[in-house]
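Biologist: Please take me through one part of this model in close detail. Start with the cut-off you use for burial, then work outwards.

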Amino acid sequence: MKYKLKTIHSFLLISSVFIIGSCSEIQYIKDLIIEDAYVNSSLEGRNITAGYLTITNNSPSTIVIKEISCEDAKDTFFHGVKKNSETGLIKMKDMLEIQILRKEQISFYPNGNHIMLTGLVKPLKKGEEISCIISSKIKIDYPLKFKVR
């Protein structure tokens, strides 16, 4: 009886791990962990949208990201946002390089640093996915998918 109970507990534990893991929006890509990757659906008549995600460097060393490219978008780039503390004005600027230290996590979020997708070849509709590739300085590509919200 004790053996059966232990076996049942082990089975339930393993099953719950798989169920919880399949429900989350986490993508494990080589040494990067990508969480909550999504883009906004595009507005009618507009060929631009913004994307958001959280990246965790799970490698033993710094990863330097040089660019991002997405299918169905002419240009894709990381966009930094800085607020002038004196005037309150917000400035946006392309982020040409992103260093993610070992075990560090960085986020791209609404009203902050984000990913711009411009020159969309078709409207992005809620529920779709768009495939992208993040490229590192040492020429390693990290594929990911954004869900359209």
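Modeller: A residue counts as buried when its relative accessible area is under 20%, as exposed over 50%, and as partly exposed in between. This is a predicted model, so confidence comes before detail. The mean pLDDT is 86, and 83% of the residues reach 70 or more. Residues 5-24 are the part to set aside: pLDDT stays under 50 there. The model also has zero contacts beyond four places in sequence for that stretch. Where pLDDT is low, the predicted coordinates should not be read in detail.

Now the setting. The protein has one helix and eleven strands. The helix comes first from the N terminus, and the strands follow. Of the 149 residues, 33% are buried. Among contacts with a separation of 6 or more, 64% join residues 24 or more positions apart.

The part to look at is strand 3, which covers residues 48-57. Take N57 first. N57 belongs to this strand. Is N57 buried or exposed? Its relative accessible area is 0%, and the cut-off for burial is under 20%, so N57 is buried. The side chain of N57 has a polar partner: the side chain of S59, at 2.7 Å. Beyond four places in sequence, N57 touches D31 and L32 on the N-terminal side. It also touches T62 and I63. A further run of partners is I100, L101, R102, K103 and E104.

One of those partners deserves a stop. K103 lies in the loop between strand 7 (98-100) and strand 8 (105-108). K103 has a positive phi of about 65°, although it is not a glycine. Its relative accessibility is 47%, which lies between the two cut-offs, so K103 counts as partly exposed. The loop after strand 8 holds another such residue. N111 is found between strand 8 and strand 9. The phi of N111 is near 65°, again positive in a residue other than glycine. N111 has a relative accessible area of 80%, which is over 50%, so N111 is exposed.

Back to strand 3, and to T49. T49 has 7% relative accessibility, again under 20%, so T49 counts as buried. A polar atom of the T49 side chain lies 2.7 Å from the backbone oxygen of N40. Leaving out residues up to four places away, T49 touches V39, N40 and S41. It also touches I115, M116, L117, L120 and L124.

T49 leads to the largest pocket. This pocket has a volume of about 280 Å³. Of its 17 lining residues, N40, T49, A50, Y52 and M116 are the closest to the centre. N40 and M116 are also contact partners of T49. Three elements give two or more residues to the lining: strand 3, strand 6 (90-94) and strand 9 (114-120). Which strand gives the most? Strand 3 does, with four residues. By type, the lining divides into nine nonpolar residues, seven polar and one charged.

From strand 3, move to strand 4, which covers residues 63-70. I65 lies in strand 4. I65 is at 1% relative accessibility, under the 20% cut-off, so I65 counts as buried. Among its contacts beyond four places in sequence is I55. I65 also contacts F78, L96, E97, I98 and I100. The rest of its partners are I134, S135 and S136. I100 appears in the contacts of N57 as well. I65 and F78 are 13 residues apart in sequence, and their C-alpha atoms are 9.8 Å apart in space.

E67 is also in strand 4. Its relative accessible area is 48%, between the two cut-offs, so E67 is partly exposed. E67 contacts F78, I133, I134 and S135, leaving aside neighbours within four places. The pair E67 and S135 spans 68 residues along the chain, yet the C-alpha atoms are separated by 5.3 Å.

To sum up strand 3: N57 is buried, and its side chain makes a polar contact with that of S59. T49 is buried too, and T49 is one of the residues closest to the centre of the largest pocket.

How values were computed. Residues are numbered from 1 along each chain as its sequence is written. Side-chain values use heavy atoms; hydrogens and water are left out. Buried means under 20% relative accessible area, exposed over 50%, partly exposed in between (1.4 Å probe, protein chains only). A polar contact is a pair of N or O atoms within 3.5 Å; within protein, one must be able to donate a hydrogen and the other to accept it, and residues adjacent in sequence count only if both atoms are side-chain atoms. Contact means heavy atoms within 4.5 Å. On a 1 Å grid over the protein atoms alone, a cavity is a set of points where a 1.4 Å probe fits but cannot get out, and a pocket is an open set with protein on both sides within 12 Å along at least five of seven lines; lining residues have an atom within 4 Å of a point. Grid points are joined across faces, edges and corners, and a volume is the space filled by probe spheres set on the points. Ala, Val, Leu, Ile, Met, Phe, Trp, Tyr, Cys and Pro count as nonpolar, Asp, Glu, Lys and Arg as charged, and the others, Gly among them, as polar. pLDDT is the predictor's confidence in each residue, from 0 to 100.
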